[in-house]
Amino acid sequence: MNNDEGPRAPDLEWLDDGVPRASAFQDTYFSRAGGLEETRHVFLKGNGLPERWQDRHSFAIAEFGFGTGLNFLTTLQALKEAECRFHLTFVSFELYPMTAAQLEKALGAFPELTDEARALIDQWSPEPGWNRLSFDGSELVLGVGDARRLIKDLCQGRESVPPIDAWFLDGFSPSKNPELWGGDLLSAAYQLTARGGTLATYTAAGWVRRNLQAAGFEIEKQKGFAGKREMVVGAKTSGT
Ligand SMILES: C[S@@+](CC[C@H](N)C(=O)[O-])C[C@H]1O[C@@H](n2cnc3c(N)ncnc32)[C@H](O)[C@@H]1O
């Protein structure tokens, strides 16, 4: 994958507890206090899931950025546990897709997700642009490249996805990865969101909150994961 045509895999450092850290951003892919629990607290509970899945025939989640796939796989597992048999579309963006070996090592820390991780790794062959992968009734729509560029394909209808019911805003820390928290990107996210759609993020940074509000989302702070005092959730309460 590290050839001239393919996407660039990240340079990783592996911390003592097995958590991967991206050298270029000097930040970890998930909390050292527990990645699985962080995903459940911040992204699932923060978006009112799994409760909002009841009585739905389909549901669409979108995420900035895909990283190890932990959020995606935890969502698949929650869906299975909730015994909801509907079509999930999970849209995600990744500028530096991991190699299969990197994914395998990172996800090896979560034995609960062994089946889901295997299904991902077995079909993992990310190409620049749009990739569609099937998972037992669910679809992963993975945009490989810069989210700020790729999201225009969705907004302008060049790549078709349903209106987004829930956003997982999971860039690296805003101070280290401001590109994934910018006003234009969040406005595009708002444009793609279904009325009543929600968002959740682990950060409560003031300028990110202001960008979310300027985009149109109503937001509020909630208790963060582990040692974090605050996180942010939001919703699109008006428009189409
Ligand atoms: C905190 S990690 C995401 C963790 C991930 N959700 C998981 O479950 O493992 C942030 C991700 O955003 C990606 N990223 C950073 N800048 C990006 C950009 N401009 N466009 C797309 N992805 C980007 C990084 O490579 C990294 O994989």
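Author: Helices here are DSSP runs of H or I with at least four residues, strands are runs of E with at least two, and both are numbered from the N terminus. The model is predicted: local features need pLDDT of at least 70, side-chain atom pairs count only at pLDDT 80 or more, and totals for chains, interfaces and linings use all residues. Numbering starts from 1 along each chain as its sequence is written.

Reader: OK, which residue has a positive phi although it is not a glycine?

Author: Head for the loop between H1 and E4. The residue there with a phi of about 65° isn't a glycine. It's aspartate 55.

Reader: And what is omega for the cis peptide bond between leucine 49 and proline 50?

Author: Proline 50 is also found in the loop between helix H1 (35-44) and E4. Leucine 49 and proline 50 are joined by a cis peptide bond, with omega about 10°.

Reader: Where is glycine 65, the partner of phenylalanine 64 in a cis peptide bond?

Author: The bond from phenylalanine 64 to glycine 65 is cis, with an omega of about -15°. Glycine 65 also turns up among the closest residues to the ligand. As for its place in the chain, glycine 65 is in the loop between E4 and H2.

Reader: How many residues surround the ligand?

Author: Picture a shell of residues whose C-beta atoms, placed from the backbone, lie within 6 Å of the ligand. Gly65, Gly67, Thr68, Leu70 and Ala147 are the closest, and the full number is 24.

Reader: Which elements give two or more residues to that shell?

Author: Two of them are helices and one is a strand. In chain order, they are helix H2 (70-81), strand E5 (87-94) and helix H5 (147-155).

Reader: Now the open sheet: which strands stand at its edges?

Author: Strands count as paired when DSSP finds at least two bridges between them. The sheet has eight strands with mixed pairing, in the order E6-E7-E5-E4-E8-E9-E11-E10. Each edge strand has a single partner, so one side of it is left without a neighbour in the sheet. Those two are strand E6 (129-135) and strand E10 (218-223).

Reader: What stands opposite isoleucine 61 in E8?

Author: E4 and E8 sit side by side in the strand order. Strand E4 (residues 58-64) and strand E8 (residues 164-169) pair in the parallel sense, over four bridges. The residue of E8 that faces isoleucine 61 is alanine 166.
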